[in-house]
Amino acid sequence: MSRYLIGRAAAVAALMTLPLAITGCGPEPPKKTVATPQAPRRPDEVRAETIPNVKFVDITEEAGITFRHFNGANGEKLLPETMGAGVAFLDYDRDGDQDLFLVNSSYWPRHEVNPKPTQALYRNDGKGHFEDVTKAAGLDKTFYGQGVAVGDFDNDGDEDLYVTGVGGGHLFRNDGKGHFEDVTESFNAGGPRSWLTGAAFLDIENDGDLDLFIASYITWSPEIDKVQGFQLTGLGRAYGPPTSFSGSFCCLLRNDGDRFVDISAQSGVQVKTPDLGVAVGKSLGVAPQDVDGDGLVDIAVANDTVQNFLFKNRGGGKFEEMSILAGVAFDQSGGPRGGMGADWAHPLNDDRLALAIGNFANEMTALYVSDQPSSMVFSDVANLYGLGAPTQPPLKFGLFFFDYDLDGRPDLLSANGHLEPEISKVQASEHYEQSVQLFWNSGRPGRNLYTLVRPQQAGEDLFRPIVGRGCAYADIDGDGDLDVVITVNNNTPRLFRNDGGNANHWIRLVLEGDGKSSNRDAIGARVEFQRGETVCRTQLFPSRSYLSSVELPLTFGLGKAGKADEIRITWPSGKTTTLRDLPTDRVHHIKEVQAPR
């Protein structure tokens, strides 16, 4: 939320009435021949007709989604009201269909409402129609929710939920019979009693069970917020920036089978300032990835107005924060940005690895790319890859890579929306509701790698302005292509059906670890998918975007190719499975126990 309304322009600073402390070598040329310098060659423009005709259709009402997010706003302008909430796809009833969990916030003390807002769970019938089963599932709980992570923490074959919020976290254990039990206290999983945001289930030691990483935003209370005196000229009280609040520590809970043990202090995830020893982080999005290929999961964290984090896993439950050395801490000028959502991908289907982070308004999306991920050294090449100028204006929250047209290349979607409902009255160039941005991956290295998709190419529905926050993807109707859900702050989410993505061939993999040497969900498994000379690479980590979780099944697009030559799975245990000539356009359930020794 970098510099909030202050931004980097002096004109924006004038909005505030109070002085805030926001503060090759070719052959040798013939003799006597003068080589005339040539202008750098620019790649051909990606013509509009090369972008696939894939429509995203808003089916929210048709699908039966009636949930409405409630942020508790009552005129006091408290910062959590601006942040919205996350969303998750999961198969909670193990019927093979992706169900939908929506995080809700709540009212503030002395401002109760009736009926009380609760979290929400919708069961999918397999065709993209949903039934509200919140109460039957035991998830009709009221608290100021923020983010959600999905993972089978007890290895019983059922997907569990961890929901973060203002005041702590909540662990919901799936009993396999359609009901969730709040086991937060019995499993010591509440985390710090602070403002918790992003979260991820991951196996930090590859011991076969899922641990839990939790991001924390700022040191906040309504009392601290109310005395700040944030103002918009002529409009009264405004939402304040995070720069006016102290940072907070991330948390790491190790799964010891019967309970979680807080190893935050000794693990290295509590980053302190060298001078005062206070918390640096103002953390939101969490994106795990084995960056350097050593078999241990590392963790990227998007931070708001301070440096991002990149935690290098040193083994034995120890992490080293190395974002500055890795080049992912700051923008190209060495300053912090307002990081929200984050995700990883191999955008060119080669060894190069990219970390995308969606940032505040007037700050372009970061695309940190490493040519040699084993070096843990990255450069921000957003401008070089087409994500510079187009991504600068909007305020970006949820963000993820996905192959929406199944051509085998990771595209990028960003959910956008401002914080201040009155922003357009004081800054004409900004709007509270903003359009989603979708970028098609052309496969052409250079400036045109990512091309902004227009409404005429993907349908008007996706681009209608909303106050976008969390977002996730899943195949909700079993047709092979990826559909999208986007949460809307203080409003109804938007569910978009992908119409046309499956014009190309595809394969979906549901991975199942053995529950002993690998966690049951196979979270952390690495998959290489080869078709011809192209090798697509991904890792199974559902936690990504902004406070959200995508589906666990992995989808691979084949384009017009009729088969996948080879699929190689490296399980969290280190075992490998190699599959050849799998039939296309279907789902394959792969179990680790089938892996050759």
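# Exercises on burial, charge and backbone in a predicted model

At a relative accessibility of 37%, Glu528 counts as partly exposed, and the exercises below work outward from that residue through a model that is predicted.

**Exercise 1. Find the salt-bridge partner of Glu528, and decide how each of the two residues is classed by accessibility.**

Step 1. Glu528 forms a salt bridge with Arg537, and the closest N and O atoms of the pair are 3.8 Å apart.
Step 2. A residue is buried under 20% relative accessible area and exposed over 50%, with partly exposed in between.
Step 3. Arg537 has a relative accessible area of 25% and is therefore partly exposed, while Glu528, at 37%, is partly exposed as well.

**Exercise 2. Determine which parts of the chain are tied together by the salt bridge between Arg544 and Asp343, and then treat Arg508 and Asp475 in the same manner.**

Step 1. In the pair of Arg544 and Asp343, the closest N and O atoms lie 3.5 Å apart.
Step 2. Arg544 belongs to strand β34 (residues 543–544) and Asp343 to strand β20, so the salt bridge ties together parts that are 201 residues apart in sequence.
Step 3. Arg544 and Asp343 are both buried.
Step 4. Arg508 and Asp475 meet through their side chains in a salt bridge with an N to O distance of 3.8 Å.
Step 5. Because Arg508 lies in strand β31 and Asp475 in the loop between β28 (468–474) and β29 (483–488), this pair ties together parts that are 33 residues apart in sequence.
Step 6. Arg508 is buried, and Asp475 is buried too.
Step 7. For the wider setting, the whole structure holds 29 salt bridges, and Glu62, Arg497 and Asp499 are linked in a network of such bridges.

**Exercise 3. Locate the patch of negative charge on the surface, and place Asp182 within the secondary structure.**

Step 1. The patch of negative charge is formed on the surface by Asp156, Asp175, Glu181 and Asp182.
Step 2. Asp182 is part of strand β9 (residues 180–182).
Step 3. With a relative accessible area of 37%, Asp182 is partly exposed, and this satisfies the patch requirement of over 30% relative accessible area.
Step 4. Across the protein there are 56 positive and 81 negative charges, and their mean positions are 4 Å apart.

**Exercise 4. Examine the backbone at Asn349, Ala522 and Pro115, giving the loop in which each residue is found.**

Step 1. As background, most residues other than glycine have a negative phi, and most peptide bonds are trans.
Step 2. Asn349 has a positive phi, near 55°, and sits in the loop between β20 (342–345) and β21 (353–357); its relative accessible area of 15% makes the residue buried.
Step 3. Ala522 likewise has a positive phi, near 60°, and is found in the loop between β31 (505–512) and β32 (526–531), where Ala522 is buried with a relative accessible area of 0%.
Step 4. The peptide bond from Asn114 to Pro115 is cis, its omega being near 0°, and Pro115 is placed in the loop between β3 (99–102) and β4 (120–124).

**Exercise 5. Judge whether the radius of gyration agrees or disagrees with that of a compact globule.**

Step 1. For 597 residues, a compact globule would have a radius of gyration near 25 Å, and the 23 Å of the protein agrees with this.
Step 2. Along the principal axes, the C-alpha atoms fill a box of roughly 80 × 65 × 50 Å.
Step 3. Buried residues account for 60% of the 597 residues, and of the roughly 22,700 Å² that the protein exposes, carbon and sulfur atoms supply 49%.
Step 4. The secondary structure consists of seven helices and 39 strands.

Key
Residues numbered from 1 in each chain as written. Predicted model: local features only at pLDDT ≥ 70, side-chain atom pairs only at ≥ 80, totals over all residues. Heavy atoms only, no water. Patch = residues over 30% accessible without salt bridge, like charges linked within 9 Å, V, L, I, M, F, W, Y side chains within 5 Å. Areas by Shrake-Rupley, 256 points an atom, 1.4 Å probe, with all protein chains shown as cover. Salt bridge = Lys/Arg side-chain N within 4 Å of Asp/Glu carboxyl O. Lys, Arg positive; Asp, Glu negative; His and termini not counted. Charge placed at Lys NZ, Arg CZ, Asp CG, Glu CD. Helix = DSSP H or I, 4+ residues; strand = E, 2+ residues; numbered from the N terminus. Buried < 20%, exposed > 50% of the residue type's maximum accessible area, 1.4 Å probe, protein only. Rg over C-alpha atoms; globule rule 2.2 N^0.38 Å.
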